[in-house]
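Could you walk me through this structure, one selection at a time? I have it open in my viewer and am new to it.

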Amino acid sequence: MPLTDMPDFAPDLLDEFSRRRTVHVNTPVIQPAEPFLDMAGEDLRRRIFLTESETGESLCLRPEFTIPVCLRHIETATGTPKRYSYLGEVFRQRREGSHEFYQAGIEDLGETDIASADARLIGDAVGILARLLPGRPLTLTLGDQAVFEAVVKALGLPLGWQKRLIHAFGDMGHLEALLERLARPQPVTGLDPEIAALLASGNEAELVAQIDRTMETTGYSTNASRSPLEIARRLQEKLTLAETRLDGSALLLLREFLTLSLPLSEASAALAGFADAACLKLGPALAQFDARLAALANAGLDLSAMTYRAAFGRPLDYYTGLVFEVTEAGASAVLAGGGRFDRLLTLLGAKDRIPAVGFALWLDRIETARTFK
């Protein structure tokens, strides 16, 4: 698809967005880089095209639309609920395909009925693809970061380990490496003997004093980005994380959970059975999961044609609950993908918490699928 040409099915997309009562918006191609570097995830950070303004501000070419649409919503203070749609070019390095390509999508901001909003969005993604690829069988894979977080928290790991595992959700290679470290802890090495002894003693006040003395002696204190107390607590956390061992039964439970993959219609019973057998309290997360299934069924969507994978996530850090992708049956190219990002708008500066869910359509991949029928 030539970079200068809008896809030939763009009018169909705009019609679908209009039918779904969205407000069509555009955002500047040049964006502040900081929100993407802070919130988009390592996978996207590696592939952003960065530049700098005359005043030294870090800028980037728009790598995706979710963060720019959310920033626009906050700046215009238009209130919620609000449904936005977009269609335009994004710029990021890819292993295959052009580094400039078209994306379109919907961002649904402020709907407090979480289950209904999730179901509506999935219905939108599937419905739009069905119009663009008529008669073509589609496969939808769904995961839920909130359920994974509930399992991790129920295992009673230190907060630092919870954060590490949750951050790795969706990246099985990284997750397996972390689980291996939990099975075989490695001692912290290279510490000054006095610091190591104070860490072992648990005497935080003396540890802070010793770090302060060391900083004064080395002259580091004048340029330090962290205070002695912050450094002490970071060292304490590092030691705790290094010494934490997940017992064999808990490790087996977590690995068993991550192997769950079954039709979405069977997922609720499987998750409830897992929680009961493992004696894990996952109530609120499972209740929200069940509410979403009910909303999907009420929307007329076939749950047996969708797959739930407990380990499935998407490579963006801002997702908080539902995550999903749609492919053509028998193919690997993702045609649509998205999920829930309830914390993102607050992190971007919104004064109130705004629940949010959205998806993007990969138009070059859809164009390829339309060409090779």
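Here is a short tour of pockets and salt bridges in this predicted model.

**Stop one: the largest pocket.** Select Arg47, Arg92, Arg314, Trp362 and Arg365, the residues closest to the centre of the largest pocket among the 32 that line it. The space there comes to about 750 Å³. Now colour helix H3 (42–45) and strands E6 (100–109), E11 (334–340) and E12 (356–362); each of these gives the lining at least two residues. By class, the lining holds 13 nonpolar, eight polar and eleven charged residues.

**Stop two: the second largest pocket.** This one has a volume of about 510 Å³. Of its 24 lining residues, Ile166, His167, Ala168, Phe169 and Asp317 are the closest to the centre. Show helix H7 (159–167) next, as it supplies the largest share of this lining, five residues.

**Stop three: Arg20 and its partners.** Select Arg20 with Glu16: their side chains form a salt bridge, 2.2 Å from N to O. Add Asp124, which also pairs with Arg20, at 2.7 Å between the closest N and O atoms. Arg20 sits in the loop between helix H1 (10–19) and strand E1 (23–24), and Asp124 in helix H5 (residues 114–132), so this pair ties together parts 104 residues apart in sequence. Arg20 counts as buried at 18% relative accessibility, and Asp124 does too at 6%.

**Stop four: Asp342 and Arg353.** Which of these is buried, and which exposed? Asp342 is buried, with a relative accessible area of 10%, while Arg353 is exposed at 57%. Their side chains meet in a salt bridge of 3.5 Å, N to O.

Key:
Residues numbered from 1 in each chain as written. Predicted model: local features only at pLDDT ≥ 70, side-chain atom pairs only at ≥ 80, totals over all residues. Heavy atoms only, no water. 1 Å grid on protein atoms, 1.4 Å probe; cavity = no way out; pocket = protein on both sides within 12 Å on 5 of 7 lines; lining within 4 Å. Points joined across faces, edges and corners; volume = space filled by probe spheres on them. Helix = DSSP H or I, 4+ residues; strand = E, 2+ residues; numbered from the N terminus. Nonpolar A, V, L, I, M, F, W, Y, C, P; charged D, E, K, R; others polar. Salt bridge = Lys/Arg side-chain N within 4 Å of Asp/Glu carboxyl O. Buried < 20%, exposed > 50% of the residue type's maximum accessible area, 1.4 Å probe, protein only.
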